[in-house]
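Reader: Hello! Could you take me on a close look at the strand region of this model, with the definitions spelled out as you go? A few words on the helices and any enclosed space would be welcome too.

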Amino acid sequence: MPIVSLFLITIFEYGASSLLDFATVKLRLNIRGKLRPELIELCSNLDYPCIENDKTLDLISRVKTNPEEWVYKVFNDLISLTVLVMKVGLILGILAYNVWWAVLIIIAILIPFSKLSIISGRVNYEANRQVTKQQRKYLYFGKVLSSRDYVEERVLFQYGNRINEMWLDNYEIARKYQLKVEKKWFIRMKSSGFMTAGFCIIILFLLLAPTLNGVISIGLYVSFIGIIFELIDLLSWDLTNKIDAMTQSKEAVKDLNSFLELERIEGANIKSTAPLKFESLAFRNVKFKYPNGSCNVLQDVTFEMKAGKHYAFVGENGSGKTTIIKLIIGLYRGYEGEILLNGKSLKDYKLADINATFSNVFQDFAKYSMSIRDNIEIGDINAVETMTDEKLHQIVEDINLKEQIEKLDKGLDTQLGKINESGLDISGGQWQKIAIARTMVSSAPVRILDEPTSALDPISESEVYHNFQRISKEYTTIFVTHRLASVKEADEIFVLEGGTIIERGSHKELIDKGEKYCKMYETQKGWYV
Ligand code: ADP
């Protein structure tokens, strides 16, 4: 019987640990499968100002690095801590039954050391927070050194060594910081372990007297030695270590909670219903300060736009043109004054409805490493499945890309970008046309061009704006530029300076007025000869 029992126990032990390994892998994968997609979706819903904020960026980067590990660790640490506490409790119980004062001494030692482990866990996680800041920098330099996107400039400027040094500097700061914290942690944990061990051995010595007096039998004393040494093992390392790990995981979960509490855009990623019928857009005494800015970048901006007309914002760099566009498309809601879309406050609209009303080509438009078709189609994400080739061909014809695309073997299905070998690298001007095509595919009634042409020479920019105006005849358009010749055809031009509109009117009216616009126009004339 005993041999059979031993055999069964051995099989169970072996089987149980393999089963546990299997369950752990499955649990991890399950957590990953559920958590990652959810986190990515939550990230895509984050309110725009959150993404611009350094602290939130660090938080996002911490949360996105192995979130499943932390969640799994909390669960795992909780179980092993419970097992440990039960073990220690059992041993203390046996001791208390025989020598109660020894248990009092052990508990008195245990309380401050557990506290120390909790503090140590917090310090460690805080160090982890500091390291992510540095990590963001060196990961960026690593990307500059290895990514295909930077290859031309890397070869041209031969800056590899310089960036490598910058990478190394940041990496070293993070590494040294982490090493320092880990050294401190090791010394703290080990010294508290040694002290616990010392106290337990003193207890063994104290127990010698009652043993010699015959109060405790020799047999019991010998078994105490075994128990106390097991206790030393548990208290000096395992318990403190687990409390420390548990505190770190708790801090990580706190981060996860802070991330979940970040402001989200209500209704982001929700498909809008049919686009709104655009009637008017009005700014009434709008003042705006960026969340991380120190003063207002827009002061008392008031204007009105009507459906079907063409408008332009002009002014020097930094005068607030792009900020107005960002407010129009609902990226920031913390402004003073009123922004009215069809007479109703913009704040009362769902983001999906605002997105369906305005389509925008930004100054730093994105270049997606996907096919030409996908690059264009995502401009109207609601209609991707129903988008016809005729519509796409019409758009590429309108933006003068038809001939170039026809020359490609795979036509609209040609892969762009540098993430795979077959990816076609196209010129800056062609990328910009693709970005404009994205706006045109959208059924949004208002089309905005926010200086996507700033890399072009003035004459080419003027041509792009003219062409865009031609193909957007039935739409309301808003142009943003600092080059005045591009916007001559606009129905109304708003001239911005220092965050306010200083002049408004048609090109002719503004020229006749002979003030700022006229002077700028005269100065810029030389660009077009
Ligand atoms: P423009 O489009 O006319 O060149 P912007 O609207 O981009 O000007 O910028 C107006 C002012 O707002 C500038 O002084 C700029 O430095 C500041 N600004 C722009 N973006 C931000 C931001 N995200 N955070 C803080 N300040 C900003």
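Author: Happy to; here is the sheet, followed by the helices and the enclosed space.

A word on the ground rules: this is a predicted model, in which local features need pLDDT of at least 70, side-chain atom pairs count only at pLDDT 80 or more, and totals for chains, interfaces and linings use all residues. Residues are numbered from 1 along each chain as its sequence is written, and side-chain values use heavy atoms, with hydrogens and water left out.

Let's start with the sheet. Four strands form an open sheet in the order S2-S1-S4-S5, and their pairing is antiparallel. Strands here are DSSP runs of E with at least two residues, helices are runs of H or I with at least four, and both are numbered from the N terminus. Two strands pair if DSSP finds at least two bridges between them. The edges are held by S2 (298-306) and S5 (344-345), each with a single partner strand, so one side of each is left without a neighbour in the sheet.

Going through the pairings, S1 and S4 are joined in the antiparallel sense over five bridges, with Leu281 standing opposite Leu341 in S4. Strand S4 (residues 336-341) also pairs with S5, again in the antiparallel sense, over two bridges. Here Leu340 stands opposite Ser345, while the bridge partner of Leu341 in S5 is Lys344. The hairpin of S4 and S5 has two residues between the strands, and Asn342 takes a positive phi near 50° there.

Now for the helix that packs on these strands. H9 (residues 321-328) lies across S1 (280-288), S2 and S4, running at about 120° to S1. Axes are lines fitted to C-alpha atoms, for helices over the stretch in contact, and angles run from 0 to 180 degrees between N-to-C directions; contact means heavy atoms within 4.5 Å. Seven of the eight residues of H9 are buried, among them Ile324, Ile325 and Leu327. Buried means under 20% relative accessible area, with a 1.4 Å probe and protein chains only. Just after H9, Gly330 takes a positive phi of about 80°.

Away from the sheet, Asp77 is found in helix H4 (residues 67-98). Asp77 counts as buried, at 4% relative accessibility. Not counting residues up to four places away in sequence, Asp77 touches Lys242, Ala245, Met246 and Ser249.

As for enclosed space, a search of the whole structure finds one cavity of 30 Å³ or more. A cavity is a set of points on a 1 Å grid over the protein atoms alone where a 1.4 Å probe fits but cannot get out, and lining residues have an atom within 4 Å of a point. Grid points are joined across faces, edges and corners, and the volume is the space filled by probe spheres set on the points. The largest cavity holds about 80 Å³, and its lining includes Trp70, Tyr125 and Asp255. Helix H3 (54-64), H4 and helix H8 (218-261) are the elements that give two or more residues to this lining, and the largest share, four residues, comes from H8.

Note on methods: Buried < 20%, exposed > 50% of the residue type's maximum accessible area, 1.4 Å probe, protein only. 1 Å grid on protein atoms, 1.4 Å probe; cavity = no way out; pocket = protein on both sides within 12 Å on 5 of 7 lines; lining within 4 Å.
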